[in-house]
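Got the structure open and not sure where to start looking? Here's a quick tour to read with the model on your screen.

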Amino acid sequence: MGNYRVVWRGPVHKASGLGIASREYVRALRRQGVDVKVDTGVSEKAKAGDTGKRKILIYHYPPSMINMNKERKRFDRIILNTVWETTRIPQRWMANINRFDAVCVPSEHNKTALRNSGVTVPIFVVPHGVYTQQFRPGNKKLPLKQAAGRFVFISVFGFQHRKNPEALLKAYWQEFSAKDRVLLVIKTNGYARYENSAWIKTKIARYKNSLNLRKDTAPIAIYAGQMGKDRIKQLYALGNVFVLPTRGEGVGLPFLESLASGVPVIATGWGGHMDFLTRNNSFIVAYKLTKPTASMNGGSAISRTFRHLFAGSGQRWAEPDIGSLRKQMRYAYSHPDLCRKKGRQGRQDMLRWSWDRAGKLFKQAIENVIG
């Protein structure tokens, strides 16, 4: 074990994708023999300690929140672990970010965004992983009578504007009718107590009415709220293809989980997920880069916009082309054998995307910073 101790400060107890990443990085580092203590930042239980070892802080919160002068008195090195979804990081991050000794990010997309924003300290790409022994072909399917005999599109996302539920629903309803043997199954969740299942379903129903559709539409099934790990695995197993016309991802954990399950992906061709999505394992949707405010102010947003995060000066994200999305969904539906082929390739690709690999790369980054 190296002559250093890592204190990890991040959202390890959160159920979000950020929380999952925080937990899994800690576990992966420990499997590599790294001495890691967890400090959630809520309490001071995990001290760096006077062990004679060099003390390293890994900070997995927004860089604008850290008291750098205070932490410099406690730690020999301070590394930021972060992720971002648009072309540039928030301006308020810049006051602190170049005071870190290094930054770790999970994708080349992130590295480019940080460099374009003016980050000058070393940046290390430390990809996320996926547990391929849990997410795998052959898992039990989620029991859903409505899916019997149908080609199933599945989608997993938080109910926010960046995930683009509007384009997903619009493309599906416009492209498919009740005559098509299809089903769209959505697993989503809100971000406040009032954003519950009934609230989300009402938002979707009102949006559908606003589209003035002229035909009987294909059915959807909505699961809104938390879903246990076993049921999430069953949900992926239910799908013929995963679809999410996201406007921007730092990584896209559901894409990794879907491919590991042998289910191909339909996704926007821009973002951190393009480190592992290819035309051999996915159906890529065309896009153009736009200001986030263009869609936020367009009158069709049905989910939380997080304007304070994504509407800053110089921000851009991808706006997927609805025609391209419809075309890819129709093509996948019309070519189930190709979906199976792409799914098999996705499974093979994901065997290389392990959390152990992430742990090795993170350990290398730490030891590079220590010098």
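What follows is a short briefing, grouped by topic. Keep in mind that this is a predicted model. We'll begin with two helices, move on to the empty spaces, and finish with a handful of single residues.

**Helix 12, a helix with two sides**

- Helix 12 covers residues 336–350, and at 1.5 Å a residue its 15 residues should span 21 Å; the C-alpha atoms at its ends are 21 Å apart, so the expected span and the model agree.
- Which residues of helix 12 are buried? They are C339, K342, G343, G346, R347, D349 and M350.
- Looking down the axis of helix 12, you'd find those buried residues within an arc of 160 degrees, so they line one face of the helix.
- Here's a handy bit of background: an α-helix has 3.6 residues a turn, so residues three or four places apart point the same way.
- Turn to the face directed away from the buried side of helix 12, and you meet the exposed residues D337, K341 and R344.
- What do the buried residues of helix 12 pack against? Their partners are strand 7 (151–158), helix 8 (253–260), strand 12 (282–285) and helix 11 (322–334).

**Helix 5, mostly covered**

- Helix 5 runs over residues 165–175, and nine of its eleven residues are buried, so this helix is mostly covered.
- The buried ones in helix 5 are P165, E166, A167, L168, L169, A171, Y172, W173 and E175.
- The cover over these buried residues of helix 5 includes strand 7, strand 8 (182–189), helix 6 (197–210), strand 9 (220–224), strand 10 (241–244) and helix 11.

**The second largest pocket**

- How much space lies in the second largest pocket? It comes to about 410 Å³.
- This second largest pocket has 27 lining residues, and K141, A237, G239, N240 and V263 are the ones nearest its centre.
- Strand 7, helix 7 (229–238) and helix 12 each give at least two residues to the lining of the second largest pocket.
- Helix 12 turns up again here, with five residues, the largest share of that lining.
- By type, the lining of the second largest pocket splits into 15 nonpolar, seven polar and five charged residues.

**The largest cavity**

- Some background for hunting empty space: rolling a probe the size of a water molecule over the atoms shows where space is left.
- How many cavities of 30 Å³ or more are there? The count comes to one.
- The largest cavity holds about 40 Å³ of space.
- Around the largest cavity you'll find L18, A21, Y25, H60, N81, T82, V83, P106 and H128.
- Helix 1 (residues 17–31) supplies three residues, the largest share of the lining of the largest cavity.
- That lining divides into five nonpolar and four polar residues, with no charged ones.

**Single residues and their neighbours**

- E24 sits in helix 1 and counts as buried because its relative accessibility is 6%.
- Beyond residues up to four places away in sequence, E24 touches Y131 and W355.
- T290 belongs to strand 13 (residues 287–290), and with a relative accessible area of 14% T290 is buried.
- Leaving out residues up to four places away in sequence, T290 touches Q315, R316, W317 and E319.
- R231 is in helix 7, and a relative accessible area of 37% makes R231 partly exposed.
- R231 is in contact with L142 and Y223, not counting neighbours within four places in sequence.
- R231 and P143 are 88 residues apart along the chain, with 9.5 Å between their C-alpha atoms.
- G312 lies in the loop between helix 10 (307–310) and strand 14 (317–320), and at 35% relative accessibility G312 is partly exposed.
- Compare G312 with Q91: they are 221 residues apart in sequence, and their C-alpha atoms are 7.5 Å apart in space.

**Two positive phi angles**

- Most residues other than glycine have a negative phi.
- N212 is not a glycine, yet it has a positive phi of about 55 degrees.
- N212 is in the loop between helix 6 and strand 9, and is exposed, with a relative accessible area of 60%.
- F306, also a residue other than glycine, has a positive phi near 50 degrees.
- Is F306 buried or exposed? F306 is buried, at 17% relative accessible area, and is found in the loop between helix 9 (292–296) and helix 10.

Methods: Residues numbered from 1 in each chain as written. Predicted model: local features only at pLDDT ≥ 70, side-chain atom pairs only at ≥ 80, totals over all residues. Heavy atoms only, no water. Helix = DSSP H or I, 4+ residues; strand = E, 2+ residues; numbered from the N terminus. Expected span 1.5 Å × (residues − 1). Buried < 20%, exposed > 50% of the residue type's maximum accessible area, 1.4 Å probe, protein only. Arc of directions from axis to C-beta. Contact = heavy atoms within 4.5 Å. 1 Å grid on protein atoms, 1.4 Å probe; cavity = no way out; pocket = protein on both sides within 12 Å on 5 of 7 lines; lining within 4 Å. Points joined across faces, edges and corners; volume = space filled by probe spheres on them. Nonpolar A, V, L, I, M, F, W, Y, C, P; charged D, E, K, R; others polar.
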